[in-house]
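The following exercises are meant to be worked through with the sequence and the model side by side. Try each task before reading its solution.

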Amino acid sequence: MSGYHPDEITLMDYSAGTLPMPQSLAVAVHLFMCQHCRSQVKQFNNLGGALLSQAEPRELEVQGFDDFMADMDKAPVSEAAKTHARHVNPLQAFLPQPLDRIDWHKQTRDIHEYDLTKVLEAKGFRIALQKIRAGARVPEHSHKGQELTVILQGGFSDELGVYHAGDFISRDPSHSHTPTALQNEDCICLTVLDAPIYFVGRFYRLLNPFLRW
Ligand SMILES: [Zn+2]
């Protein structure tokens, strides 16, 4: 089982279908690899169903709760949750080739990318696969928004921990980090950004025009 998971609010939003699609995809890919979170989502799904069947109309007037229930009514279980239920890695549906035959776009000697934004209509998000050469370091960068990362193969470390296949990592503008791929194999991640990242090192600032969306 992976060691880093989405927080409970994220799993609840996923279950309710209120998470934006790109972030839902990241959660679904994690769920594919994480039994622990799958059972949590199942509980939330059951709870959502029970609430829908038991709620009295007057209870729905409680502030905030009616919006929650309205969303639940529209999409009690998200599309990504349904995909997950079929026990197929949800990412596969969006890839033209299997992961080991992806037509990578070279960004630097150590970093390759495959942009999924074109095929996913990500509306304000950037979704990409990134491949970091084994042992290579990604230039230090920070975020203007949230960055979700799900590791599909290999692993990396940064100032806050060591991450392996299946791990779900969330970073926000308060984090600046320098991921380094583990030595044993290339690291492949799914990343979802709701705002561009920017490089903070003096030299690597030059990369920003190329690597931002
Ligand atoms: Zn998990």
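**Exercise 1: the zinc site**

Task: work out how the donor residues of the zinc ion are spaced in sequence, which atoms coordinate the ion, and what arrangement they form.

Solution. Along the sequence, the donor residues of the zinc ion follow the spacing H-x24-H-x3-C-x2-C. This is a predicted model, in which local features need pLDDT of at least 70 and side-chain atom pairs count only at pLDDT 80 or more, whereas totals for chains, interfaces and linings use all residues. Residues are numbered from 1 along each chain as its sequence is written, and side-chain values use heavy atoms, with hydrogens and water left out.

Next, identify the atoms: ND1 of H5, NE2 of H30, SG of C34 and SG of C37 coordinate the zinc ion at 2.0 to 2.3 Å. Donors here are N, O and S atoms within 2.8 Å of the metal (3.2 Å for Na, K and Ca), and because water is not among the atoms, sites may look incomplete.

Then turn to the angles: the four donor atoms subtend 100 to 116° around the zinc ion, and the arrangement is therefore tetrahedral, a term that requires all angles of four donors to lie between 85 and 135 degrees. For comparison, the ideal angle for four tetrahedral donors is 109.5 degrees.

Finally, check the burial of two donor residues: H30 counts as buried because its relative accessibility is 0%, and C37 is buried with a relative accessible area of 1%. Buried means under 20% relative accessible area, exposed over 50%, and partly exposed in between (1.4 Å probe, protein chains only).

**Exercise 2: V27 and Q40**

Task: for V27 and for Q40, find the helix, decide whether the residue is buried or exposed, and list its contacts beyond four places in sequence.

Solution. Begin with V27, which lies in helix α2; helices (H or I, at least four residues) and strands (E, at least two) are DSSP runs, numbered from the N terminus. V27 is buried, with a relative accessible area of 0%. Leaving aside neighbours within four places in sequence, V27 is in contact (heavy atoms within 4.5 Å) with T10, L11, Y14, L19 and F168. Of these partners, T10, L11 and Y14 are among the buried residues of α1. The C-alpha atoms of V27 and the zinc donor H5 are separated by 8.9 Å, although the two residues are 22 apart along the chain.

Now take Q40, which lies in helix α3 and counts as buried because its relative accessibility is 18%. Beyond four places in sequence, Q40 touches E8 and L11.

**Exercise 3: the largest nonpolar core**

Task: determine which elements supply the largest nonpolar core and where this core lies relative to the domains.

Solution. A nonpolar core is a set of buried Ala, Val, Leu, Ile, Met, Phe, Trp, Tyr and Cys residues joined through side-chain atoms within 4.5 Å. The largest one has 31 residues, of which L91, L116, I127, L129 and L190 touch the most other members. At least two residues each come from α1 (8–16), α2 (21–33), α3 (35–54), β3 (126–132), β5 (147–153) and β11 (187–193), and α2, with six residues, gives the most. Since domain 1 (8–91) and domain 2 (92–211) both contribute residues, the core lies between them; the domain bounds come from an automatic or database assignment.

As a last step, separate this core from a second one of eleven residues, whose members include I111, V138, C187 and C189.

Note on methods. Four donors count as tetrahedral if all angles lie between 85 and 135 degrees; four count as square planar and six as octahedral if opposite donors are over 155 degrees apart and all others between 65 and 115; anything else is irregular.
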